[in-house]
Amino acid sequence: MTEVSYDEAGKAEVIRGSGRPETAAEAPPDGLGCHSGGDLAAAARAAGQSELLDQYARDYPKGPHDQPQSMCPAFGSLRVGLRMRRTATVLSGSACCVYGLTFVSHFYGARRSVGYVPFNSETLVTGKLFEDIRESVHDLADPDRYDAIVVTNLCVPTASGVPLRLLPKEINGVRIVGIDVPGFGIPTHAEAKDVLAGAMLAYARSEVEAGPVPAPVGGRDARPTVTLLGEMFPADPMMIGAMLAPMGLAAGPVVPCREWRELYAALDGGAVAAIHPFYTAAMREFTAAGRPIVGSAPVGRDGTAAWLAAIGDAFGIAADKVAAAQNAFLPAIDGALKGAPVKGRITVSGYEGSELLVARLLIESGAEVPYCGTACPKTEMSAADREWLEAHGCTVRYRASLEQDLSAMEALKPDLAIGTTPVVQKAKEAGIPALYFTNLISARPLMGPAGAGSLAEVVNGAMANKDRMDRMTDFFDGVGTGDTAGVWEGDPNLRPDFRAQNLKKLEKQARARKAAEMI
């Protein structure tokens, strides 16, 4: 059992830095990228990265597709680092990848620079890239500005075996955290958040075991706390805290954390609530620290009742106190669900990790949810949600591919499809109302009474647009598809002779390939 002791001198110390890391190097030359071909995973193993890839395979088992079908996974860890105060982020990867990641991070509201260490074939092969990375972190390590620097290897440096583990663990009192987030090892950006969260927790746990650490800026809560695992809507931790209060408990930090000191408080919690059940590396650190982990979340009436009981068991709280917490909030949840009913068939899919919780809430609101697909893996912490959904007629598919999500939507013909961008696009083309999971569903409260009625307005509003969708589909029927794709001033120039000639070429190529196979 890891016991966290706090340095009293650190309790009042609040250092506010600008939070803006300098760019680590000049504009990059043309380099290699993950589009350059070849088996990067095999190259990584040849470069001595087998242990890393084997651990990732255990933590984040792949599904039917070898490569991510969502955005670059490294966006997840990058976003976690950019949200932390007094933390600098440095990327090492192909210029095109770094450009895309920084663009998306600033699109989603990042307000600080991203350090970048460029490379070319020579610096990659000779080891000069590692020396450049080491030099950049030495230049950045200003304790007046930063508590930590996060260095991330993208696909090509990982495949080349650039050894971030050899970086100093600390420079001038600034912690150095190096992680590898290759697209061929991490299936989703949601799981990349766990890669960084787990690495930071491991570092913080070693500090805790070495001696007293600074207390949280806001001080310690006198009550036992529950650490919350997984990003969530800002109001949800407050709602969870209110539901814990009758049991004499308080909500602890949310992991991924917003500043380094919160990591100590997270490890100091009496138990961990795995709101997002796929944080495998983070849960490994909490288990090593002797903290019990509780799955599921307080969503809907059934989910809240079961979750409060499980938390009570983890802390050994008397049954009457657990009942008091349940009686204080379950009637309000019942009222919110009845006051905002949802009627209709809905399919749910996404890659954020909260898809099962959303499906539960929709079903308790009165909706029929025959399919729930998530790009995240099946874990022990999601078992209660999966069993509840299956008992209510919902097929749950982990590591769902885009093709499986589309197939479910096309077969079930829902009144509303909630999913990723391509699912929403395909649904609207078919005249089915659809909502983008990340921006319109996960950006709402889900927990307790606040979450019970939060989805009804947007979901019912979308389903009410069915007639308008039908009118638009009829009006635009045949436009923008097949021969009418693109912009035309007149009728499309149909050339069946060209098509026939091209078809003959394709058939000739197919015959040649078949003949080659017979040799």
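In which order do the four strands of the open sheet stand? I looked this up first, and the order is β9-β8-β10-β11, with parallel pairing. Strands here are DSSP E runs of at least two residues, helices are H or I runs of at least four, and both are numbered from the N terminus. Two strands pair if DSSP finds at least two bridges between them.

A note on the source: this is a predicted model, where local features need pLDDT of at least 70, side-chain atom pairs count only at pLDDT 80 or more, and totals for chains, interfaces and linings use all residues. Residues are numbered from 1 along each chain as its sequence is written, and side-chain values use heavy atoms, with hydrogens and water left out.

**Sheet edges.** I found β9 (250-255) and β11 (293-294) at the edges; each has a single partner strand, so one side of each lacks a neighbour in the sheet. I then followed β10 (residues 271-273), which pairs with β11 in the parallel sense over two bridges. V272 has I293 of β11 as its bridge partner.

**Cores.** I looked next at the largest nonpolar core (buried Ala, Val, Leu, Ile, Met, Phe, Trp, Tyr and Cys joined through side-chain atoms within 4.5 Å; buried is under 20% relative accessible area, with a 1.4 Å probe and protein chains only). It has 59 residues, and I240, M247, I346, L362, M447 and V459 touch the most other members. Apart from it lies another core of 53 residues, V272 and C257 among them.

**M447.** Leaving aside neighbours within four places in sequence, I listed its contacts (heavy atoms within 4.5 Å), including I240, I275, P298 and L357.

Notes. Buried < 20%, exposed > 50% of the residue type's maximum accessible area, 1.4 Å probe, protein only.
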